[in-house]
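Colleague: I am new to reading protein models and would love a close look at a single part. Please pick one cysteine, walk me through it slowly, and then show me what else the model holds.

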Amino acid sequence: METKMMYETIFARSFSRYEQKKLGYGAFAACLIIGFTIFTVFKPYLGPLPVLNLRLSIEGFKMLMVEETAGVQQLEMGRRERESYVCNIMDGRSEFCEISSGDVRVHGNSSTIFIVSSAPMEILAENSSWSIRPYARKGDASVMKTVKKFSVKLISDRDHRLPHCTQNHSVPAVLFSVGGYAGNHFHDFSDVLIPLFLTSRQFNGEVQFLVTQKKLWWIEKFRKLLRGLSRYPIIDIDREEGIHCFSGAIVGLKSHKELQIDPSLSPYSMKDFRQFLRSSYSLKRATAIKITGVGKPRLLIIARKKSRSFTNEGEITKMARSLGYEVIVAEPNGTEISRFAQLVNSCDVLMGVHGAGLTNMVFLPENAVLIQVVPLGGLEWIARNDFGQPAMDMKIRYIEYKIKEEESSLIEEYPHEHPVLRDPYSISKMGWHEIRSVYLDKQNVKLDLNRSRDTLLQAIQLLQ
């Protein structure tokens, strides 16, 4: 994985309800700005509380009220036609704006989204705008700097600066980036595909995808999944000079955890996502083999060429076959995902060293077994966060095999008392770049055949 950070939920505060019967609209807007300024100044002194959502619902001009509870700010003004904008800019994993205003205008060349409101111009403060980087890895500051930023602006329908529509769409839009770490198999799923499913599935295909930082090869690689979520040709929004108009839009993608969907926060779950994968790639098996004396369990060993490879792959294969496994050794193809998905789905046990190749567990049938081999270097937390917990949430049995010092190729590179071997924590304090350089990019694994034999027997027991 490129970077790993623990995401903590950010604070929220609850305020009392104020009745703004005697104040003019302009005065209220000024108070709101002052309130947010104070909130920002005192933010460092507050303990971690629930996530802050900015929610504006405009229903007209007869009533003016502000209500802030449980971290949600809500501005309501009575009107016959409801306009709703929810911008979540404080979540640890992603930023997104969910707009149901009836009039959303997107100008790709300037990376600007206009939310058109019928509220009086004096209500719409000059700074009624948000900046969104539509990529679901907000906690990684280094990669987020490379993601294109979009401005979401609230604008009056009487403002002379309002751009005119050049193309009207009958369906809402979802705008997202395939920049960042897209191209790494783990991040393809954790940062883009699962968040995209979570965000767009509700539209049942009746949604227009607007892609920024488009990579044609990436679109082609995941064409089947993208077509399964949207019936409309993808628009490369960065190249669009005109104004695309929609009745609603979501800018950015919702995201919960690495390779996971929290069903308490969504009507969907990873079971739904995996069913979507089976449908998209015509995967036949929903459940793994149950060993009853007939048939062999199929073991897929994920091969790697550059690093974290098994140096005694042949011996492992021979030993596994002696235990009754049908063994396949394969390396994921970078572009041909459909064929590899079918191969993974045909297997009952998947084994590999920690790395992006284990992401293919999403194609395993339920009750299959994932064996994650964790290299030397204090990588247990990352391994469990990236693959261990997600596997269990997918109803895949999980076995963690932590290698010993003598199973690591690092013993050939460093003396016995070197901190790389004796004190991985001292290396981790130098930062992720050093961890990756030493423990991920320069380490291979020679499995102890006796230890790994016991692990493969454990996997067989789980399949019984």
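**A cysteine and its surroundings**

Modeller: Let us begin with Cys245, which is buried because its relative accessible area is 4%. Buried here means under 20% relative accessible area, exposed means over 50%, and partly exposed lies in between (1.4 Å probe, protein chains only). Please keep in mind that this is a predicted model, in which local features need pLDDT of at least 70 and side-chain atom pairs count only at pLDDT 80 or more, while totals for chains, interfaces and linings use all residues. Residues are numbered from 1 along each chain as its sequence is written, and side-chain values use heavy atoms, with hydrogens and water left out.

What is Cys245 joined to? A disulfide links Cys245 to Cys165, with an S to S distance of 1.9 Å. The term disulfide stands for a pair of cysteine sulfur atoms within 2.5 Å. The torsion about the S-S bond of this pair is about -100°, so the disulfide is left-handed. Cys165 lies in the loop between β10 (150-156) and β11 (167-168), while Cys245 belongs to strand β15 (residues 243-246), so the pair ties together parts that are 80 residues apart in sequence. Names such as β15 come from DSSP runs, numbered from the N terminus: helices are H or I with at least four residues, and strands are E with at least two. The partner cysteine sits in another setting: Cys165 counts as partly exposed because its relative accessibility is 30%.

How many disulfides are there in the whole structure? A search finds 2. One of them is the link of Cys87 and Cys97, whose sulfur atoms are 1.9 Å apart. With 115° about its S-S bond, the Cys87 and Cys97 link is right-handed. Cys87 lies in strand β5 (residues 83-88) and Cys97 in strand β6 (residues 96-100), so this pair ties together parts 10 residues apart in sequence. Both Cys87 and Cys97 are buried. If you number the bonded cysteines of the protein chain in sequence order, the pairing reads 1-2, 3-4. Another cysteine, Cys347, is buried because its relative accessible area is 0%.

Now for the wider picture. The protein chain has 13 helices and 21 strands, and buried residues make up 55% of its 464 residues. Contact means heavy atoms within 4.5 Å. Of the contacts in the chain with a separation of 6 or more, 74% are between residues 24 or more positions apart.

Strand β20 is a nice place to see buried residues side by side: 6 of its 6 residues are buried. In a regular strand the side chains alternate between the two faces of the sheet. In β20, Val369, Ile371 and Val373 point one way, while Leu370, Gln372 and Val374 point the other way. Strands count as paired if DSSP finds at least two bridges between them. β20 pairs with strand β19 (residues 349-353) in the parallel sense over 5 bridges, and 6 bridges join β20 to β21, which also run parallel. Follow Ile371 across: Met351 stands opposite Ile371, and in β21 the bridge partner of Ile371 is Ile399.

From β20 you can step to a helix, α9. The buried residues of α9 pack against β20 (369-374), and also against α3 (185-200), β21 (397-402) and α12 (432-440). Those buried residues are Glu380, Ile382, Ala383, Asp386, Phe387, Gly388, Pro390 and Ala391. α9 bends by about 30° at Asp386, and Pro390 follows within four residues. The bend at a residue is the angle between axes fitted to the seven residues ending there and the seven starting there. Just after the helix comes Lys395, with a positive phi near 60°.

What touches Pro390 from outside the helix? Gln260 is in contact with Pro390, and also with Ile194, Met270, Asn385, Gln389 and Asp393, leaving aside residues up to four places away in sequence. Gln260 is in the loop between β16 (249-251) and α6 (270-281), and it counts as buried because its relative accessibility is 5%.
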